[in-house]
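Reader: I'm new to this structure and would love a close look at one small part of it. Could you pick a single residue and then show me the whole it belongs to?

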Amino acid sequence: MEDQINLKDLFKTDKDFEKELKSLEKETKKIFSYEGHILESPESLYNFLAFDTLISKRLERLYLYAHINNDLDLTNQKYQDYLGKVLNLANNISEKSSFVLPELLTKDYSDILKMIKNYPKLKEYKNNLKDIYRNKKIIKNKDEEKIISILTSTYDKPEDISEFLLTTDLDYGYIIDENGKKNKLTLSNFSTYLESNNGNVRKDAFEGIYKNIKAFENTFNAIFTSKIMENNKLSKIRGFDSARKLSLYQNNIKNNIYDKLIEGIHKNLNKFYKYYDFKKEVLNIKDFHIYDTYANITSNFNKDFSLEEAKNIIISSLSILGNDYIDIIKKSFSDNWISYYPKKNKRDGGYCTCAYLAHPYIVINYENKLEDVSTLAHELGHAMHYYYAKENNTYEDYNYSIFVAEVASQVNEIILTDYLLNSADNIEEKKYLLDSILKRFKATMIRQTMFAEFEDILHNKENEGIILTKDVVQNTYYDLNKLYFGENVIIDDYIKYECYRIPHFYYNFYVYQYATGYAAALKIAHDIINKKAGALEKYRKFLTLGSTLDPVKSLGVAGVDMLDDKLYDEVFTYFDNYLKELKKLYE
């Protein structure tokens, strides 16, 4: 079926894109005219900020057009070229603008507040300026910032290199599936084989992937540890004694948020071990290996959902969030904000992105499965968050923190699953839905927290002067798996090499936000489902905030206290109730 995603809201034609790209390249040459003059007067400060905002809006629109077109056909040379040119322009703008922050920070924030008072137009940029001056202690002088800016384009290389190795260069061989058919084993179909009801298939898939990664363990370890060293060195340049502190500070998150997450999960791990004990019992497996934890315990439920059915289910389930919420979702359908269907050379997976000068866009690969319905609801959560933030804020304030980025998407998914559970017409469907909730909890709350702890431990070891040999890295990861899976799960040696497969380990303290976001979403969604007084109104207010409040305070508006010691206990109560409900269905 042909996709009808409407990119004309960005640019009507490729020629319009090319014309705008040339125009913006020419416009960016004006950046140097502001050097040394930004703080001459309140008006000159406003003029620069207005110019910078306009450049950013236009660049964002160019990027989305090139990025989405490229993802729709990864072999299209024209859109590869477009995307490369836009990224080069972005790097060029970043290098040209390297004087801006050092120049701004020659003044104190009190001086800026006086400027705002004397020139009210500057109020539009108050939050942005406040954040810039909050970061004053980590900004270096003009020459140093220029060097850092020039080097920025190399920071993502470990991620790029590992991705090429994992997805392009490595050959994982073949696997015999449960039907006796020989298939090529890839990272894309790996999870499908791990969920197989055949233990040999699960084992072969697990070993097939990781023995091939092991063959390149020295190369992977060098790539992986170079990223850790880079993060730690950059933190020292910025004046921090750890990469974690710098990363969290940049997102305006206090360190104890990270510690609260790990402590909260550790405290409740015994409750989670019951899930593995239950799976072991249902699957009737004596020696329960780590690859068996992924096995499906519900094999009889297999139902297709057409795209129209998916849309109707999503509209019905999310109607609890308000009529205008549903109206905007309907608009996303009718106005073709979404690319739905898989096709040759289209990028796998799904995502949502937004241009302030247009609207949110979603790219998914819908294949009529329940997981695809959930994915569409998830990405629509992102779209609604973008939409409300964009409609209620200036460009400067609409782009919310990454710390809260997964909340709205997860709220949508949780409400959808609750709706499906209540409307399920047979036991097998209910089993499937309940197990999908528990698996999502495992993937998001448990595994992402384990990842976060692993990342933190290794950065600390490197900071302490410990050489991150492959044994140090792999044994650290192995020991954490033993802790997070419990005594009743056999932790196979090959799991050591999983750490090289996780793409987020080549970032910088990103994964913890999946877990904190899911914890917040569980509380918000359950408060709304249970019609807790004010819960819906608080959540709807949260969606409009953008970056006008720091991320932890914005979640406070939604009714979630991320520093409350009881938060993770409450989250595990939801988990425990779902597990009890599933056990009853089997009894």
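Author: Happy to! One term will help us later: two residues are in contact when they have heavy atoms within 4.5 Å of each other. Please also keep in mind that this is a predicted model.

Let's begin with Lys-146. You will find Lys-146 in helix 7, which covers residues 142-152. Is Lys-146 buried, exposed or something in between? Its relative accessibility is 44%, and because the partly exposed class lies between 20% and 50%, Lys-146 counts as partly exposed. Now look for Phe-99: Lys-146 and Phe-99 are 47 residues apart along the chain, yet their C-alpha atoms are separated by 7.2 Å.

That pair leads us to the protein as a whole. Of the contacts between residues with a separation of 6 or more, 74% join residues 24 or more positions apart. Helix 7 belongs to a secondary structure of 24 helices and five strands. The protein is as compact as a globular protein of its length, because its radius of gyration is 25 Å, close to the 25 Å that the globule rule gives for 587 residues. Along the principal axes, the C-alpha atoms fill a box of roughly 75 × 55 × 50 Å.

While Lys-146 is partly exposed, buried residues make up 54% of the 587 residues. As for the outside, the accessible surface comes to about 26,400 Å², and carbon and sulfur atoms hold 48% of that. Finally, the protein has 81 positive and 89 negative charges, and the mean positions of these two groups are 3 Å apart.

Conventions: Residues are numbered from 1 along each chain as its sequence is written. This is a predicted model: local features need pLDDT of at least 70, side-chain atom pairs count only at pLDDT 80 or more; totals for chains, interfaces and linings use all residues. Side-chain values use heavy atoms; hydrogens and water are left out. Helices (H or I, at least four residues) and strands (E, at least two) are DSSP runs, numbered from the N terminus. Buried means under 20% relative accessible area, exposed over 50%, partly exposed in between (1.4 Å probe, protein chains only). The radius of gyration is taken over C-alpha atoms; the globule rule is 2.2 Å times the number of residues to the power 0.38. Accessible areas come from the Shrake-Rupley method with a 1.4 Å probe; for residues, only the protein chains shown count as cover. Lys and Arg count as positive and Asp and Glu as negative; His and the chain ends are not counted. The place of a charge is taken as NZ of Lys, CZ of Arg, CG of Asp or CD of Glu.
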